[in-house]
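User: Please take a close look at the largest cavity. What lines the largest cavity?

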Amino acid sequence: MKDVGHQAIKSRVEDIDDTGALQESLDALRSVITIYDANGRLTYANAHLNHLFPSFPPHHTLVGKTYQELIRLEIEGGEIAPEALAGGIKSFIAGRLSQLKPEEYSPLDVTLAGRRVVEIKARRTGDGRTILLWTDVTAARAQLTRLEEAVALSAEAFAFFDSADRLILANELYAHLCGVKKLNALIGRTFPEIAAQVAYSGRILLDETPEQWLERRLKGHRDPTGAVTIRTNSGEAYLVRDRASADGGRVMVFTDITDKFRAESALAEQQHALANANAHAEQQKSYLADLGSRLDAASASVASAKTTLLRTMGHELKTPLNAILGFSDLMMTLADTMNASQIRDYAGLIHHGGSNLLKIINQIMDLTKISAGRYDLRRSGVDAGGVLWLAREAFHARAAQRGIVIDADHCPIGLMVDADETVLTGMVHSLLDNAVAFTTGNRIKLSATLSDDGIAVSVEDNGKGVVTEDLMRIQEPFEHAGRSEAAQHSKGAGLGLTLVKAFAELHGGWLELESKPGKGFRATLMLPQAQPTASS
């Protein structure tokens with residue numbers, strides 16, 4: 001019996017020695033360990049707690065206090081950074097206590113005084129206790145902040161994915177390429193989810209079906225390194241370099257190669273044009289033979305056309321010419337006495353007059369080509385919503401100067417029209433230019449909708465409008481809208497709507513104007529919808 005009792009006492013002593021050794025080991029850690037019972041009361045804390053929070057009493061005297069009481073001690077002792085309490089003390093405490101909830105495993109960063117940052121990780125035991133591990137991550141978070149700032153300032157788009165292929169860091173340019181306004185909408189999403197959204201949004205131009213492109217892109221994403229070129233619906237081109245990182249994640253860099261791509265495309269077009277030169281030469285022979293008869297027929301109307309042109313264009317041509325000649329004469333006469341500011345002002349007025357004159361001449365030349373059947377359209381599938389969004393950006397500053405808001409919220413991406421992109425852009429710009437210049441309202445609405453007749457592209461303002469009898473007249477050459485007292489010849493030659501109408505009809509569509517006095521003015525381009533490609 002004595003031997004049995006001796007063995008029991010010896011075993012108890014060894015257990016005490018082991019506990020003491022464990023206690024010393026835990027106190028030597030450079031991290032804080034705290035344990036709470038099922039009621040949220042502290043049952044253990046190692047010595048490093050007093051190093052992390054110098055204002056605390058000795059750690060062993062805190063046993064029995066609730067986690068909420070300890071948090072309040074942190075706040076009262078000035079241990080928490082003021083910015084961490086900006087949302088209020090109650091909100092701060094509630095966020096901290098949420099880590100004690102069952103199934104809550106997300107780590108929590110807490111900013112302490114002195115720019116320190118501590119990460120708190122929580123784990124629950126089978127008997128209902130909660131263990132919190134507190135680790136100083138100040139250096140790691142500082143490095144991450146510097147990386148985020150460097151990525152944000154980069155001229156290239158960056159994206160970092162973790163080992164689960166979820167986006168953890170990117171810059172705003174990457175969000176723009178994905179067609180997303182806010183970067184936070186992408187953080188946490190997997191690469192396959194983001195790639196699918198981009199493929200089906202119409203944001204990039206595809207030479208294959210979205211399914212085929214997505215399959216090929218995901219296959220390349222799984223390779224150790226890879227590169228692919230993408231083109232956006234706004235005409236940009238990017239080289240995408242996709243590489244695996246040492247931690248099992250992925251790093252992607254998007255380099256703008258738009259200029260290089262355009263140069264290569266232009267070279268290819270020139271080579272194609274040279275290859276077709278002989279075929280065009282044969283067509284020119286028949287055209288020249290027909291030209292004589294057409295000239296004879298046209299000569300009968302030349303006199304009338306000249307009279308109309310001289311009568312209606314006299315003011316528009318003379319005004320910029322008078323400005324150019326008048327101010328250039330002044331500059332020559334007063335050259336010795338003019339200062340730099342006067343020279344800049346006069347040069348600006350001369351440049352403005354020349355620009356107006358060039359615009360009038362270009363409009364006349366375009367109308368002449370269309371009426372002669374000599375204007376060739378370069379038709380392709382063009383995203384109507386994208387054109388309207390870009391037009392909004394182009395006119396935003398000018399509209400803002402007049403206190404006008406341009407609303408493009410009704411311009412969905414993906415409505416493809418069969419049109420010449422350059423011509424379509426010019427038509428939209430002309431309609432938006434009229435709206436900004438002449439509206440007496442404060443809002444312009446852009447929209448693109450699908451109808452049985454095709455795709456309707458509309459520019460609508462909330463100004464005073466136009467009387468019904470003027471709607472047909474203002475579509476004729478050299479006519480000016482009587483939409484307001486501000487409708488004067490100095491704002492154009494009266495060719496804008498005429499040219500838009502001619503281009504719409506050249507595309508197989510039409511221009512429709514709607515207005516009533518006091519009800520605003522709406523111009524709608526009805527254009528054919530682009531047919532799906534064979535691959536789609």
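Analyst: First, the term: on a 1 Å grid over the protein atoms alone, a cavity is a set of points where a 1.4 Å probe fits but cannot get out. Lining residues have an atom within 4 Å of a point. Grid points are joined across faces, edges and corners, and a volume is the space filled by probe spheres set on the points.

This is a predicted model, in which local features need pLDDT of at least 70, side-chain atom pairs count only at pLDDT 80 or more, and totals for chains, interfaces and linings use all residues. Residues are numbered from 1 along each chain as its sequence is written, and side-chain values use heavy atoms, with hydrogens and water left out.

The structure holds 4 cavities of 30 Å³ or more. The largest has a volume of about 160 Å³. Its lining comprises 14 residues. Nearest the centre of this cavity lie Cys 178, Val 198, Trp 213, Ile 230 and Phe 254.

Now the elements behind that lining. Helices (H or I, at least four residues) and strands (E, at least two) are DSSP runs, numbered from the N terminus. At least two lining residues come from each of helix H6 (172-177), helix H7 (191-201), helix H8 (210-221) and strand E10 (250-256). H7 gives the most, with 4 residues.

Last, the chemistry. The lining of the largest cavity has 13 nonpolar residues (Ala, Val, Leu, Ile, Met, Phe, Trp, Tyr, Cys and Pro count as such). It has 1 charged residue (Asp, Glu, Lys or Arg). No polar residue, the class for the others, Gly among them, is found there.

Terms used:
On a 1 Å grid over the protein atoms alone, a cavity is a set of points where a 1.4 Å probe fits but cannot get out, and a pocket is an open set with protein on both sides within 12 Å along at least five of seven lines; lining residues have an atom within 4 Å of a point.
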